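Please look through the structure shown here and follow one strand, its partners and the nonpolar core in turn.

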Amino acid sequence: MNRSVKDTASEFPAVAGRLNAVPSQSPGYWTLVRKRLMRDPVTLIAAAVLVLIVLSAIFAPLLAPYDPFMGKITQRMKPVGFAGHLLGTDETGRDMLSRLLYGGRLSLTSGIVPVAIALAVGGFLGISAGFFGGPVNSVIMRVTDIFYAFPSILLAIAICGMLGTGLFNTLVSLTLVFIPPIIRISESVTTQVRSLDFVEAARASGARPFALMRYQVLPNVLAPILVYATSLVSLAIILAAGLSFLGLGVSAPAAEWGLMLNSLRQMIYIDPLLAALPGVLIFLTSMCFNLISDGLRSAMDVRLKL
Amino acid sequence: MTRNDPSARALRISDMPRDRGGPAQPMLILKDYKKHFPIRKGVLNRTVGHVQAVDGVSLTVMKGEILGVVGESGCGKSTLSRLIMHLIEPDSGEMIFDGDPLSEHTGLTVQALRRNMQMVFQDSFSSLNPRMTIEDAIAFAPMMNGVGRDEALARSRGLLDQVGLAAAMFARRYPHELSGGQRQRVNIARALAVEPRMVILDEAVSALDKSVEAQVLQLLIELQERFDLTYIFVSHDLNVVRYISDRIAVMYLGRVVETGSVDQIWDNARHPYTQALLASIPSLDPDRRTTAAPISGDPPNPIDPPSGCRFRTRCPFAETLCATTAPEVQPVQDGAGHTVACHMENPASGHSRAGTGARLKEIAQ
């Protein structure tokens, strides 16, 4: 057997020669994800509707035709389409359109903020648990299991009941409710990635644990965690609405979709369409988040082959 | 860029003189390395047994040498590679790297060892981060050892050219856009990026198809000569090991049963297991078909390995002595550096064939 060194320039020398002049730049992962999302009409429509809802909430003071907190007792319970009040008025004569626009601010806040905080805290804890394993994993995951013993709505009610009403306490309780599921997802995906050879190889190259987590593990677990968190936003909106409905969240006269649903519930026999309006918005918003989450799930599944 | 080039020297991570022990000092000496994985069961996590993956392995690798490590699946080859890299901590054993004992406080640290020793894994895909371009993947290790980003990227592109991948074409690509052979070239470049003196190739070519395997083997030989490297080449493919290695160590169930030069092993295998392994290579000559299985049965369970000699359950020459006493590793009369762990090689052992070194071929006929 001959040990002379052959030309190993490339497996495809001809192609290499031709393309050498043009530096080849592959699209990055996020570019690919964006391209895929652009070809997904359902996700695009959901995103457009969501942007519309968010914008209308942000610009509520400019868009609202009336003061959302001042009602005319003579103008109570006007139906949808009533002259001057496009979406009618509620049981104290406040303009529904204005209240729904303002309500979006609180409802979207209580949907997005707790999930964002829970994503940061739970993601960090879950990735640490999965990465370090052993006792670190045991401590974090057993504490998570304790929280898991309660259904999420009951847990939110319990924490909120303990802390008292108000927006801040609602956000705190929802954050606490969402940390355990995010920990669990992060831990399971990290455990899968941790044992792959490229992490071992990076460890063998002398990288410290923090660098391994930051550069090798995090980019590979971010997508599934992000997708899961997006799907939680709709749940957060519904839970926040539920808390307000039960009188534990924000309190009257604040404009919040769940609270509006609660105060209008006695009117359901008088004008069911009017009473359902806040619910329609809750449904629409959470639907949008769910569809976007589904779209992200398929778009982010770009040739991972883990 | 070669190792002797002053510009290459400037890129060097450590200012430590590279050859510390001199040419006669072996690159690596392993003494009695052991790793027993505990098997835990039940809610209390009680240890119910141990998988004796590596059980007292001693090896010596000379400078510039390619040591082939062969053995069946499950004999502990891969565990041994990871033990040497200290990706798994050994239970016991001593390591001396170029004259420096490995010890966290008084000798060479694991961190320092890893700057001198790198590893290439079998699975070319899972050993590359799917979210990193290949130039970043190669530059990662030097950056983790204090080399600046620009310098590390320059080195990465230089190495891509060295392993036969045009940097201009491949540097910014992702692993899934490369073929298996190209990915393994990237992995080799990645291992060389910290300028190691020794590389462990753990089944590095086994997953490639034959034509690509040959190209990558050629590349490995070329790089070994160019960078003055020492390899431990772990494989189950005897022909490949014969082709690339200077010396061979044969492993069975967590122990080294025979070591020797390629010729010593091929022409004068002393251990019945080595003989059986060699006999199992399919012949290319249709008149010399293998008709009888060289050895039968599966390797015994490493949780509860046989007493005495571990091969005795499958060895045609096994006697009561083999069950009671584990054979010592001893030099073979015929040649320097040829060692074997078998009672038949020791005239004083009391085995009925002691000193005669009976051959598997004889009883097959």
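In this predicted model, strands β9(B) and β10(B) form a hairpin with two residues between them, and Leu253(B), which lies in the turn, has a positive phi of about 50 degrees. The pairing of β9(B) with β10(B), which spans residues 255–261 of chain B, is antiparallel and runs over six bridges; within β10(B), Thr259(B) is the bridge partner of Ala249(B). β9(B) also pairs with strand β3 of chain B, residues 66–70, here in the parallel sense and over four bridges, and Val250(B) in β9(B) is the bridge partner of Val70(B).

Side chains in a regular strand alternate between the two faces of the sheet. In β9(B), Arg247(B), Ala249(B) and Met251(B) lie on one side and Ile248(B), Val250(B) and Tyr252(B) on the other, and all of them are buried, so that both faces are covered. Because six of the six residues of β9(B), residues 247–252, are buried, the strand is largely enclosed by the rest of the structure.

Val250(B) also leads into the largest nonpolar core, which has 177 residues and in which Ile182(A), Ala236(A), Leu201(B), Phe233(B) and Val250(B) touch the most other members. Helix α10 of chain A, residues 209–245, supplies the largest share of this core, with 19 residues, while domain 1 (26–245) and domain 2 (273–364) of chain B each contribute at least three residues. If neighbours within four places in sequence are left aside, the contacts of Ile182(A) include Ala118(A), Leu119(A), Gly122(A), Gly123(A) and Gly126(A), together with Ile225(A), Tyr228(A) and Ala229(A).

Terms used:
Residues are numbered from 1 along each chain as its sequence is written. Chains are lettered from A and ligands numbered from 1 in the order in which they are written. This is a predicted model: local features need pLDDT of at least 70, side-chain atom pairs count only at pLDDT 80 or more; totals for chains, interfaces and linings use all residues. A nonpolar core is a set of buried Ala, Val, Leu, Ile, Met, Phe, Trp, Tyr and Cys residues joined through C-beta atoms within 7 Å. A residue is buried if 20 or more other C-beta atoms lie within 10 Å of its own, exposed if 12 or fewer, and partly exposed in between; C-beta atoms are placed from the backbone. Domain bounds come from an automatic or database domain assignment. Two residues are in contact if their C-beta atoms, placed from the backbone, lie within 7 Å. Two strands pair if DSSP finds at least two bridges between them.
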